[in-house]
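The report below concerns a single protein chain and is written for a reader who wants to check side-chain contacts and burial against the coordinates. Please keep the sequence and the model open while reading.

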Amino acid sequence: MPMSPPTQCALWTDPEATLAKPLKQQFTLHATFVEESHWWRCLLECRGCGQRYVYEFHEEADWADGDDPQYVTFVPVETQAEIDAACAAPQGSSAGSCRGSVQGLAEGSRPSPAALGDLSRVQTGQRRRTGGPAITTPERTLSRCSAAFYDANTRGRLGMGGLRSLGLGLLAVLALLGRAEATAADPRATVGSVLRAGLSALAERHVEAVDLADLTLAGLRGLSLTDRRIVPALTGGMIELRADGRTLDRVPAPPRDAPSSWAEAAARLIAAGTAASPVLARQPREALVRAFFDEALATLDPYTRYVPAEEARLGRSRRLGESGLGLELAPDPAGARIVRVIDDGPAWAAGLRPGERVVAIDGRATARLDREALDRLLEGAESAPVALTLRREDGRSETIVLVRAMVAPETVSVDWSSALPVVRISAFNRLTDRRLARAVVEAAHRDPAPPGLVLDLRGNRGGLLRQAIAAADLFLTGGVIATARGRHPDASRIHRAGGADIAGGLGLAVLVDGATASSAEVLAAALQDNGRAVVIGSVTTGKGLIQTVVTLPDEGELHITWSSLHAPSGYPLQGLGVLPTICTSRGVEVARRAVAERRRGRPPAAAAPRGATADRAPAAEEIAAWRGACPPAEGGALDIAAALWLFRGPDEGTSLPAPARTDP
């Protein structure tokens, strides 16, 4: 049974005392039980206290450009039975379960670097408060060094000093514990091995059962795009490849449920095609693989896709951020000045502020250096230290050492319009929930209190699903946030809210438009269906499919749609989108009437379609009618005006408001 770790384990009770030690110095790795591309499980032993933990990490994405640490667990274990139970292979996994006694595991297998996991992406506090499989984190096991600084037991009661202190501890841990190096692409990976991994993953995980024969035949047609003479066919129980009317090769069609056999057949025919076609023979392996998957996946949903290795690496960098200090410097003859500090970066954690002067970086004077030279001095490898010499206001110099870390782009900002705080969320990355919590606490608890709070999701195309779930949980004290439904046993789960409303019940409006999609729709629907917020704007995109990310032997990725998202009331987000309570895309008068109806407590017209589509897929004509009631449009000033009318009354802002001002 999960339990709190012993107090003598310094990593848990006093992270500052162990910051200088990498993860591998804190634990002995005994064995790796599951080592799949995005699913790791291994047995660790704390060197300080001897406690053994089974560590699990599983990734899931919710859009074609995102991946998300879905589960992170540390389960204390004592006996062999507990180890067997905790580290058994996940259902549907091809990996084996634990072997050997606790003592015998000391000589267990060595993992890949990735199998050690990645504490810089742990967000443990959220895992305990969501539905789904019984994969939980021991209470407070990682609460001090997890990204979920608003732990359920303290959330809503933390002052800003407490938030900042927890953020400082987190950034130090992230910087100095480091991240596992990405495994380099295997130069021995063959077309066959890549197709085998890809077709097996599709057969196991896609939200709908796939027809391997159709997939393979469509993939082979990708060769025809390069050389039109090459034509695949499936006839008489044989799959063959033809060119200029002659058969290049033919193999018996494998069983419908044998993805590895279909991959081997496809690889053999691709080899026959490249042998017969000089054009194909000049194509690199990656081009052949991409041609196959692009055509094969075109037969499935619009979000399942193949991502080549280099694009996959760049995508991971965008999502995780770039290595640095989270600091922007401006040239100055007297020494560079700090003009911007990114929240949650190493510089922010160290207390640096705009206006301070940095006179040297690693001993090199900054006077007379241009911006490009300053940027080069700040850049460097993750976990590498950098010394900054500061010139204080009293003239004294002070040198501090910071450690470069992955700095996630800022996704949360606060503007003010007629004393109404407008919190803009541009996307959902690994730190969005923390930054949103901080912004909401600062805005909602001012004196005097604002009349309401606006979340602006217009143009937000999504991001990490778990972050949208966590953002909704900031405002909800209970209820369902979203439901995921899929074919794979682990694709279906119910995400539930639990904890405090950090806005203290302050009135909430959510702005959406036709470009609001994916995770942003999850947040809007959750707050709307639970009666916590009024949604204003136009109908949203209607992207309600979740992708899981599978790394292939060539280091490319398959982003496979494996579940569909449903709002708390049951309607599917895919195709329908979120229907606003107050529609602004039909003009000022329609918006005014909707606000008046809302203030009188009458149910919105959008409530009927949502109820009518609970637990069933709506027909195409139903979707068209409902979306047509509030057509998708780009957001504008009327959205803010409607929010002002909602919170301040219909006489507020008879003319459209001026552009919002930025809060300093």
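What follows describes two helices, then a set of salt bridges, and finally one loop residue.

The model is predicted, and the values given here are computed from its atoms.

**Helix 7 and its surroundings**

Helix 7 covers residues 259–276, and its 18 residues reach 26 Å from the first C-alpha to the last, which is close to the 26 Å expected at 1.5 Å a residue. Its buried residues include several alanines, namely Ala 263, Ala 265, Ala 266, Ala 267 and Ala 272, and Pro 259, Trp 262, Leu 269, Ile 270, Gly 273 and Thr 274 are buried as well. Among the elements that cover these buried residues are helix 5 (191–205), helix 6 (212–226), helix 8 (278–281) and helix 9 (285–297), together with strand 6 (238–243) and strand 7 (246–252).

**Helix 6 and its N-terminal cap**

Helix 6 is mostly covered, since 11 of its 15 residues are buried. The buried residues of helix 6 include the leucines Leu 212, Leu 215, Leu 217, Leu 220 and Leu 223, and also Ala 213, Thr 216, Ala 218, Gly 219, Gly 222 and Ser 224. The cover over the buried residues of helix 6 includes helix 7, along with helix 5, helix 8, helix 9, strand 5 (230–235) and strand 6. At the N-terminal end of helix 6, Asp 211 acts as a cap, with a side-chain oxygen 3.0 Å from the backbone nitrogen of Ala 213.

**Salt bridges**

How many salt bridges does the structure hold? There are 26 salt bridges in the structure, and the table gives three of them with the N to O distance of each pair.

| Salt bridge | Closest N to O distance |
|---|---|
| Arg 256 and Asp 211 | 2.8 Å |
| Glu 240 and Arg 250 | 3.1 Å |
| Asp 332 and Arg 357 | 3.1 Å |

Asp 211, the capping residue of helix 6, also forms a salt bridge with Arg 256. Because Arg 256 lies in the loop between strand 7 and helix 7, while Asp 211 lies in the loop between helix 5 and helix 6, this pair ties together parts that are 45 residues apart in sequence. Arg 256 is exposed, with a relative accessible area of 54%, whereas Asp 211 is partly exposed at 32%.

In the salt bridge between Glu 240 and Arg 250, Glu 240 belongs to strand 6 and Arg 250 to strand 7, so the pair ties together parts that are 10 residues apart in sequence. Is Glu 240 buried or exposed? Glu 240 is buried, with a relative accessible area of 4%, while its partner Arg 250 is partly exposed, with a value of 40%.

The side chains of Asp 332 and Arg 357 also meet in a salt bridge. This pair links distant parts of the chain, with Asp 332 in the loop between strand 10 (327–330) and strand 11 (336–341) and Arg 357 in strand 12 (residues 357–361), 25 residues apart. Asp 332 is buried, with a relative accessible area of 18%, and Arg 357 is partly exposed, with 22%. Elsewhere, salt bridges that share partners join Glu 356, Arg 392, Asp 394, Arg 396 and Glu 398 into one network.

**A buried loop residue**

Asp 490 sits in the loop between strand 20 (480–485) and strand 21 (493–496), and it is buried, with a relative accessible area of 13%. The C-alpha atom of Asp 490 is separated by 9.5 Å from that of Ser 563, although the two residues are 73 residues apart along the chain.

Notes
Residues numbered from 1 in each chain as written. Predicted model: local features only at pLDDT ≥ 70, side-chain atom pairs only at ≥ 80, totals over all residues. Heavy atoms only, no water. Helix = DSSP H or I, 4+ residues; strand = E, 2+ residues; numbered from the N terminus. Expected span 1.5 Å × (residues − 1). Buried < 20%, exposed > 50% of the residue type's maximum accessible area, 1.4 Å probe, protein only. Contact = heavy atoms within 4.5 Å. Salt bridge = Lys/Arg side-chain N within 4 Å of Asp/Glu carboxyl O. Polar contact = N/O pair within 3.5 Å; in protein donor to acceptor, adjacent residues only side chain to side chain.
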